[in-house]
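Open the model in a viewer and turn on residue labels. The stops below are given as selections, each followed by what is found there.

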Amino acid sequence: MSEKANSACETCSHFNADGLKKLGVNTDNFDFVIALAGNPNTGKSTVFNALTGLRQHTGNWPGKTVIRAEGAFEYNNQKYKLVDLPGTYSLLSTSQDEEVARNFILFGKPDVTVIVVDASRLERNLNLVLQILEITDKAVLCLNLMDEAKRNKIEIDERTLARDLGIPVVPTSARFNEGIPDLIQTISEVASGKIICKPHRIKNVPDNIQKAVDTLSTEIENQFPNISNSRWIAFRLLEGDNKIINALKAGEFV
């Protein structure tokens, strides 16, 4: 098939055997917004492409030089807009990539955040996973590159991991389309509320800090009644995060 034909195919809608309709760049009239987050080199773009039928549709985030990618898919007669966030190791906002990823999860309020991790290097990926779970109540862990893990004789107890993290865990090898149907169904069930997540949160906080966090959380919720992550914001305020302080003053939490 010619390169031109391939390019044309990327923008057309088509169903596959699993009932997934890849909508390419057609992100109009969506029912749910899905954020795709993860460390660099976890196969995140491959997951994005498997869901949307694209080979990355890129542009810049408003006011930023950071690359963004958006696409869409349809499943069970509902449309999902997929936003591929910049690959990052942290959400502490020390770089533009981190700031863009954090702000979208925090202010964009995606219906589901899919965290893509490298199953063969899981431990180094968990820092970002735990940070994201402090921000959002609706997440799915995409345990990608399972083929690499198996090649390296790495075994992962997915049920125990899901129990400890408090969110669904779906093993995939996106380059071979393995696990993608399960991932789509899980995204759908979390977005619709059929699956209720109970994400892991920081525990054993010293009493004086916990008291300050509780006080700040109450104040934030009084000021912004619809906010869902006041506890995390309170922690960041106590740490003197200037970007969060400025966002609070600018009313970006509304």
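Select Lys-153 to begin; in this predicted model Lys-153 is exposed, with a relative accessible area of 74%. The residue belongs to the loop that runs between α5 and α6 (158–165). Check its backbone as well: phi of Lys-153 is near 60°, a positive value in a residue other than glycine. Most residues other than glycine have a negative phi.

Go back along the chain to Leu-145, in the loop between β8 (139–144) and α5 (146–151). Leu-145 is not a glycine either, and its phi is positive at about 60°. Is Leu-145 buried or exposed? Its relative accessible area is 11%, so Leu-145 counts as buried, the cut-off being under 20%.

Next, select residues 122–135, which make up helix α4. The helix has 14 residues and covers 20 Å from its first C-alpha to its last, close to the 20 Å expected at 1.5 Å a residue. Show the side chains of its buried residues: Leu-122, Asn-125, Leu-128, Val-129, Gln-131, Ile-132, Leu-133, Glu-134 and Ile-135. What covers these buried residues of α4? The cover includes the strands β3 (32–38), β7 (112–118) and β8, together with the helices α3 (96–107), α6 and α9 (230–238).

Keep α4 on screen and display the largest pocket, with a volume of about 260 Å³. Elements giving two or more residues to the lining of this pocket are α4 and α9. The largest share, five residues, comes from α4. In total 13 residues line the pocket, and those nearest its centre are Gln-131, Glu-134, Ile-202, Trp-232 and Arg-236. Gln-131 and Glu-134 have already appeared on this tour, among the buried residues of α4.

Move on to helix α10, residues 242–250. Which atoms come together at its start? A side-chain oxygen of Asp-241 reaches to within 3.2 Å of the backbone nitrogen of Ile-244. At the other end, select Gly-251, just after α10, where phi is positive at about 75°.

Finish with two cysteines. Cys-142 has 0% relative accessibility and counts as buried. Cys-197 is also buried, at 10% relative accessibility. How many disulfides does the model contain? The count is zero, taking a disulfide as a pair of cysteine sulfur atoms within 2.5 Å.

Note on methods: Residues are numbered from 1 along each chain as its sequence is written. This is a predicted model: local features need pLDDT of at least 70, side-chain atom pairs count only at pLDDT 80 or more; totals for chains, interfaces and linings use all residues. Side-chain values use heavy atoms; hydrogens and water are left out. Helices (H or I, at least four residues) and strands (E, at least two) are DSSP runs, numbered from the N terminus. Buried means under 20% relative accessible area, exposed over 50%, partly exposed in between (1.4 Å probe, protein chains only). A polar contact is a pair of N or O atoms within 3.5 Å; within protein, one must be able to donate a hydrogen and the other to accept it, and residues adjacent in sequence count only if both atoms are side-chain atoms. The expected span of a helix is 1.5 Å times one less than its number of residues. Contact means heavy atoms within 4.5 Å. On a 1 Å grid over the protein atoms alone, a cavity is a set of points where a 1.4 Å probe fits but cannot get out, and a pocket is an open set with protein on both sides within 12 Å along at least five of seven lines; lining residues have an atom within 4 Å of a point. Grid points are joined across faces, edges and corners, and a volume is the space filled by probe spheres set on the points.
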